[in-house]
Every structure is written in C-alpha cells, then in structure tokens.
Amino acid sequence: MIRVLSAGGLLAASVACAPAVERATAQPPVAATVSRPPSETLSPLLEQPLPNVEGKTFTSAIVDFPPAARAAPHRHGQAFVYAYVLEGTVRSRLGGEPVRTYRRGENWVEPPGAHHVLTENTSRTRPAKLLVVFVSDTGDKLKADDPPR
C-alpha cells in the first residue's frame, strides 16, 4: 500500500511541476516548434504586351528577400526570365545545374520551363533584392510553386 501511494504521489508531483502550457495542451512549448524561413515578395513594376510579338508580355518586378529568406522551389511556366541582383547576395540553382552565388551587379537567365529548385538570401542579417524581367505568354502566371511534399 505504501508503494502505491508513493507512486501516486510521484505522479501527482510530476504533473503539478510541469509547465501549465504542457498540462493544458499536452503539446511541447511553442519554443520547441520549428519555423520555416521567411519567403520572398514579388512587386510588379511594369506589365506591357509586346507590340511586335503577338501573345507575349513583358513584365518587370522587384523581388525582395528578407534576411535568411528562401523561395519555394518553383517554375515560371514558359517565360524567359532575366534576374539582376540589386542588393545583397543570392544563392540559386536551376534543376540539373550546380548551385551558383550571385552578388550585387551580377545576373542570370532562366530558359522557358526551367525548374528553379533553390533561391535564397545567403545573409542572416541583410536583405537581398533582385530586378526580374519576364517575357511570358500573355495571361500566364509568372510563378508556380511546387506542390508541398
């Protein structure tokens, strides 16, 4: 009988000493959860149908990457894409190619249908910014993220 009371007493004491959040929700504290890195934001500057190329549109945009931001893997449909680093450093990788790092003043192109598997701001303290130009089929979405896994 003494053992049962001792075990019961230990159980009651351990529950009483547990943080209130854990007792109330039976879940780990919020600090134990893992968060996703911040993402980029795309702000269109100009969208203009190309007058000499039927069915094509020129779009320019600024893409801002907060510190440590990473874009989801994505495609730009059948658009031809040109990217120029205005600020910071960006690491990028197209499917089937090696990872490349681009700094302020550097640029790259993406062929139609390319799979952009990595785009991230390499700095944890400074933002990065791109000027991106798309030549796309009129009416197409400019970016389609891969479905979540």
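**A cavity, a core and some buried residues**

Modeller: By class, 10 nonpolar, four polar and three charged residues make up the lining of the largest cavity. Keep in mind that this is a predicted model.

Biologist: OK, how many cavities of 30 Å³ or more does a search of the whole structure find?

Modeller: Just one turns up. The largest cavity has a volume of about 160 Å³.

Biologist: What makes this space a cavity and not a pocket?

Modeller: It's called a cavity because a 1.4 Å probe fits at its points but cannot get out, whereas a pocket is an open set. The lining counts 17 residues, and those closest to the centre are Val63, His74, His76, Leu130 and Val132.

Biologist: Which elements give two or more residues to that lining, and which one gives the most?

Modeller: S2, S4, strand S7 (107-110), S8 and S9 each give two or more. The top contributor is S9, with three residues.

Biologist: Let's turn to the core. Which residues have the most contacts inside the largest nonpolar core?

Modeller: Phe65, Trp108, Leu130, Val132 and Phe134, in a core of 16 residues. Strands S2 (56-65), S4 (80-87) and S9 (128-137) are the elements that give two or more residues to this core. S9 has the largest share, four residues.

Biologist: And what makes a set of residues a nonpolar core?

Modeller: The set must be buried residues of the listed nonpolar types, joined through side-chain atoms within 4.5 Å, so burial alone isn't enough. As background, nonpolar side chains tend to be buried together in soluble globular proteins.

Biologist: What does Trp108 touch, leaving out residues up to four places away in sequence?

Modeller: Val81, Tyr82, Ala83, Val85, Val90, Ser92, Tyr102, His116 and Leu130.

Biologist: His116 is on that list. Why is histidine 116 called buried?

Modeller: The cut-off for buried is under 20% relative accessible area. Histidine 116 comes out at 2%, so it counts as buried. Its place is in strand S8 (residues 115-121).

Biologist: Which side chains make polar contacts with the side chain of histidine 116?

Modeller: The side chain of glutamate 110 does, at 2.9 Å, and so does the side chain of threonine 119, also listed at 2.9 Å.

Biologist: What makes those pairs polar contacts?

Modeller: The cut-off is N or O atoms within 3.5 Å, with one able to donate a hydrogen and the other to accept it, so a pair at 2.9 Å meets the distance part. Beyond its neighbours within four places in sequence, histidine 116 is in contact with Ala72, Pro73, His74, His76, Ser92, Arg93, Leu94, Trp108 and Glu110.

Biologist: Next, threonine 59: why is it called buried?

Modeller: Its relative accessible area is 3%, and the limit is under 20%, so threonine 59 is buried. Threonine 59 is found in strand S2. With neighbours within four places set aside, its contacts are Leu46, Glu47, Val132, Val133, Phe134 and Leu142.

Biologist: What about alanine 68: buried or exposed?

Modeller: Buried: alanine 68 has 18% relative accessibility, which means it passes the under-20% test. Alanine 68 lies in the loop between S2 and strand S3 (74-75). Its phi is near 65°, a positive value in a residue other than glycine.

Biologist: Why is tyrosine 84 called partly exposed?

Modeller: Partly exposed runs between the 20% and 50% cut-offs. Tyrosine 84 is at 29%, so partly exposed is the right label. Tyrosine 84 lies in strand S4 and, beyond four places in sequence, is in contact with Gly105, Glu106, Asn107, Lys129, Leu130 and Leu131.

Biologist: And why does alanine 144 count as partly exposed?

Modeller: Alanine 144 has 36% relative accessibility, so it also sits between those cut-offs. Its place is in strand S10 (residues 144-145). Outside its neighbours within four places, alanine 144 is in contact with His74 and Arg75.

Biologist: How far apart are the C-alpha atoms of alanine 144 and histidine 76?

Modeller: They are separated by 6.3 Å, with the two positions 68 residues apart along the chain as the stated separation.

Biologist: To finish, what is the make-up of the chain as a whole?

Modeller: The protein chain has two helices and 10 strands. Buried residues are 25% of its 149 residues. Among contacts with a separation of 6 or more, 67% join residues 24 or more positions apart.

Note on methods:
Residues numbered from 1 in each chain as written. Predicted model: local features only at pLDDT ≥ 70, side-chain atom pairs only at ≥ 80, totals over all residues. Heavy atoms only, no water. Buried < 20%, exposed > 50% of the residue type's maximum accessible area, 1.4 Å probe, protein only. Contact = heavy atoms within 4.5 Å. 1 Å grid on protein atoms, 1.4 Å probe; cavity = no way out; pocket = protein on both sides within 12 Å on 5 of 7 lines; lining within 4 Å. Points joined across faces, edges and corners; volume = space filled by probe spheres on them. Nonpolar A, V, L, I, M, F, W, Y, C, P; charged D, E, K, R; others polar.
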